[in-house]
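Here are my notes on the model you sent, set out as numbered points. They begin with one strand and work outwards to the sheet and the cores.

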Amino acid sequence: MRKLIFKAQAKNIIAVFLIMSLLTAILFIALAAIGGAIGYAVNLSYARSAPSYATEVSKTCALDGEGDYTFTIPKDKELKILNLTDLHIGGGWGSIQTDRNALKAIHTLVKYSRPDLITITGDTLFPIVWSAGTLNNRKGANLLTALLDSMEVPYAVVFGNHETEGNNTVLDREELGRYYASKEYCLMQTDKTYTDASGNEVKPYGVGNYVIKVKEESGKLNTALVFIDSNDYMPGAGGLDWSYDRIHDDQVEWFKQKVDAISELNKDARVLSFFHIPLWEYGDAWTAAMNGDADATLHFGWAGETGGKSYGGKEDSHLFDVMQDFNNNPDKADCVGVFCGHDHYNNYSITYKGIRLTYGFSIDYLAYADIKNQSWQRGGQLITLKSGSKGLDFDVKPIIYEGIKLMEG
């Protein structure tokens with residue numbers, strides 16, 4: 001009898017425990033949903049309240065006859081580009097504060113540098129459930145574009161490996177690309193094509209391969225900014241094994257055709273390229289610079305990733321070789337600079353074998369463990385293009401967010 005009573009009591013205790021656990025879980029989810037909605041609304045209001053920082057040069061942005069966005073540098077003026085990367089905006093209940101920090105950092109950097117164009121080299125979003133508390137990447141994208149459109153500075157975006165995280169998110173890469181491209185000040189284009197070996201017009205791999213032109217007041221082409229989707233993960237791979245994808249062969253062919261077309265307009269024009277995952281040559285450049293190699297000139301920065309590693313694609317795209325081929329041809333435009341993101345603690349800029357390879361300073365408050373408590377790696381870079389200049393005659397300067405905060409008090 002006592003055993004039966006004990007078993008009955010044990011069952012009752014288990015039942016009560018399960019019910020209480022279920023109620024606690026429901027309460028937690030309800031509070032998280034309410035808190036997340038309130039926090040998101042507050043962040044969205046902050047993003048929409050940013051003032052305009054439009055400049056004289058930014059207002060020259062328009063589509064040309066080839067369907068490319070084009071800026072015009074007035075005589076004796078310059079075009080300033082603020083390069084940002086790895087924003088990692090979550091958009092969920094778990095990232096309310098880190099999203100606010102990221103939005104504030106972006107706002108502060110734009111206010112300080114007053115650029116004519118903002119370039120963002122990937123990982124704009126981080127819709128990861130265990131970090132942001134959501135898979136809804138539309139919400140994070142809405143926060144970012146609300147801020148950027150409010151500031152009225154044109155911005156060009158390429159994707160990283162986290163925006164859609166294996167296409168488990170609300171918007172896939174194609175849908176997210178169209179979402180960005182629909183925004184008033186976003187210059188991203190997702191429909192560019194090239195001519196394949198059979199003479200067919202086809203769309204290259206990835207989402208967001210496009211060109212922005214910078215012209216002199218006379219109409220002469222000064223610089224071509226080429227944006228390439230470096231994609232996310234190798235087929236069947238996930239983020240934890242670091243099997244990153246690369247720029248695919250048809251994208252390299254698209255790049256070659258674009259530089260050929262640019263060369264027809266002006267063989268003395270320069271080409272700057274923007275994408276997320278670094279080329280293998282980034283790691284080679286750092287090693288060469290540390291060894292005192294004559295082919296590598298360190299301009300600034302350091303390799304802060306563990307072991308000084310550069311986490312490029314699992315396979316080589318050979319894009320660097322193609323760039324060098326153009327540089328060795330006097331009748332072709334020179335590919336003089338590359339800007340990437342991806343490795344949040346790497347922020348060096350090295351001219352390697354005639355091409356300046358630059359890591360962006362990250363914004364990230366969410367993705368890397370404890371990175372929200374770091375400061376030395378957070379900021380942007382100001383790229384300056386002057387009228388009448390060519391080749392390696394462009395300037396890149398780091399902007400440290402913590403330094404701006406100290407100056408502003």
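1. A residue is called buried here when its relative accessible area is under 20%. In this predicted model, 5 of the 7 residues of strand β3 (residues 78–84) meet that criterion, so the strand is largely enclosed by the rest of the structure.

2. What pairs with β3? On one hand, strand β15 (residues 379–386) pairs with β3 in the antiparallel sense over 6 bridges, and within β15 it is Leu385 that stands opposite Leu79. On the other hand, β3 is joined by 4 bridges to strand β4 (residues 117–121), the two running parallel, with Ile120 of β4 standing opposite Leu84. As background, strands of a sheet pair through backbone hydrogen bonds, either parallel or antiparallel.

3. The connection between the parallel pair also deserves a look, since β3, helix α2 (residues 96–113) and β4 make a β-α-β unit that is right-handed.

4. These strands belong to an open sheet of 5 strands with mixed pairing, in the order β5-β4-β3-β15-β16. At its edges stand β5 (155–158) and β16 (395–400), each of which has a single partner strand, so one side of each is left without a neighbour in the sheet. From one strand to the next, the twist averages 20°.

5. Towards the β16 edge, β15 and β16 pair in the antiparallel sense over 6 bridges, and Asp395 in β16 stands opposite Thr384. Helix α2 packs on the sheet, where it touches β3, β4, β15 and β16, and its direction makes about 165° with that of β3. Helix α9 (residues 401–408) packs on the sheet as well, touching β15 and β16, with a direction that makes about 60° with that of β16.

6. Which residues of the largest nonpolar core touch the most other members? Among its 68 residues, these are Ile106, Tyr180, Leu225, Leu272, Ile383 and Leu385. Helix α4 (residues 137–151) gives the most to this core, contributing 7 residues.

7. Leu272 can be followed further: leaving aside neighbours within four places in sequence, its contacts are Thr223, Ala224, Leu225, Val226, Val336, Gly337, Phe339, Ile383, Leu385 and Phe394. Leu385, one of these contacts, is also the residue that stands opposite Leu79, which offers a convenient route from the core back to the pairing described in point 2.

8. A second core, separate from the one above, has 38 residues, including Val252, Val338, Ile350 and Leu357.

Notes
Residues are numbered from 1 along each chain as its sequence is written. This is a predicted model: local features need pLDDT of at least 70, side-chain atom pairs count only at pLDDT 80 or more; totals for chains, interfaces and linings use all residues. Side-chain values use heavy atoms; hydrogens and water are left out. Buried means under 20% relative accessible area, exposed over 50%, partly exposed in between (1.4 Å probe, protein chains only). Two strands pair if DSSP finds at least two bridges between them. A crossover is right-handed if, with the strands pointing away from the viewer, the path from the first strand over the helix to the second runs clockwise. Axes are lines fitted to C-alpha atoms, for helices over the stretch in contact, and angles run from 0 to 180 degrees between N-to-C directions. Contact means heavy atoms within 4.5 Å. A nonpolar core is a set of buried Ala, Val, Leu, Ile, Met, Phe, Trp, Tyr and Cys residues joined through side-chain atoms within 4.5 Å.
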